[in-house]
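Reader: I keep running into words like "buried" and "paired". Could you show me how such labels are earned?

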Amino acid sequence: MEIAHIFNHLVGALKLNLTTIAKTDLYSNAIILFISGKQRVMTPFDTLNFHKVCRDFHETTLSFDEIEKIYNQVSFSHTGFATLVANVSGGQLSVDDVIEFMQNETRLTAKEAVRLGLAHGIVTP
């Protein structure tokens, strides 16, 4: 998620008046890229899909220090993602609300995204 976070911060720092359009089901980094827009629109068929932050392990043996480092990275990603999403909702969602969405693997329709402040409107394709 690091690249998407950097993009989001860059758009904010440069004060770009970016319009983002969802044209599919969005997950993870795609949600961060979508919420980077000052104006965010979705089609009626789009969804925002929240899930737990996870990481693949290819190593067979990990030391405690390695496990702790990975835990801290995942924990930061988890909270950082939830904070970004909550911040664009216009007060409709808290960080805890977004974390709950992630834990429950919540799928939001375009109408729900608009109601919760994550999108500004729905456009017909």
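Author: Sure, let's take the labels one by one; keep in mind that this is a predicted model.

Reader: What makes Ser 28, Ile 31, Ile 32, Phe 34 and Ile 35 of helix H2 count as buried?

Author: The label needs under 20% relative accessible area. These five names, in a helix covering residues 28-35, are buried, so each one falls under that cut-off. Across the chain, buried residues make up 38% of the 125 residues.

Reader: How do you know which side of H2 they sit on?

Author: Look at the arc around the axis: they cover only 160°, which puts them on the same side of H2. Here's the background: an α-helix has 3.6 residues a turn, so residues three or four places apart point the same way.

Reader: Why are E2 and E4 called paired?

Author: Two strands pair if there are at least two bridges between them. E2 and E4 (residues 47-49) have three bridges, and they run parallel, so they pass that test. Leu 26 stands opposite Leu 48 in E4.

Reader: And what makes strand E2 (25-27) and strand E5 (107-109) edge strands?

Author: Each of them pairs on one side only. The open sheet has the order E2-E4-E5, with mixed pairing.

Reader: How do you know that H2 packs on this sheet?

Author: Contact means heavy atoms within 4.5 Å. H2 touches E2 and E4, so it has heavy atoms within that distance of both strands. The direction of H2 makes about 100° with that of E2.

Notes: Residues are numbered from 1 along each chain as its sequence is written. This is a predicted model: local features need pLDDT of at least 70, side-chain atom pairs count only at pLDDT 80 or more; totals for chains, interfaces and linings use all residues. Side-chain values use heavy atoms; hydrogens and water are left out. Buried means under 20% relative accessible area, exposed over 50%, partly exposed in between (1.4 Å probe, protein chains only). Helices (H or I, at least four residues) and strands (E, at least two) are DSSP runs, numbered from the N terminus. The arc is that of the directions from the helix axis to the C-beta atoms. Axes are lines fitted to C-alpha atoms, for helices over the stretch in contact, and angles run from 0 to 180 degrees between N-to-C directions.
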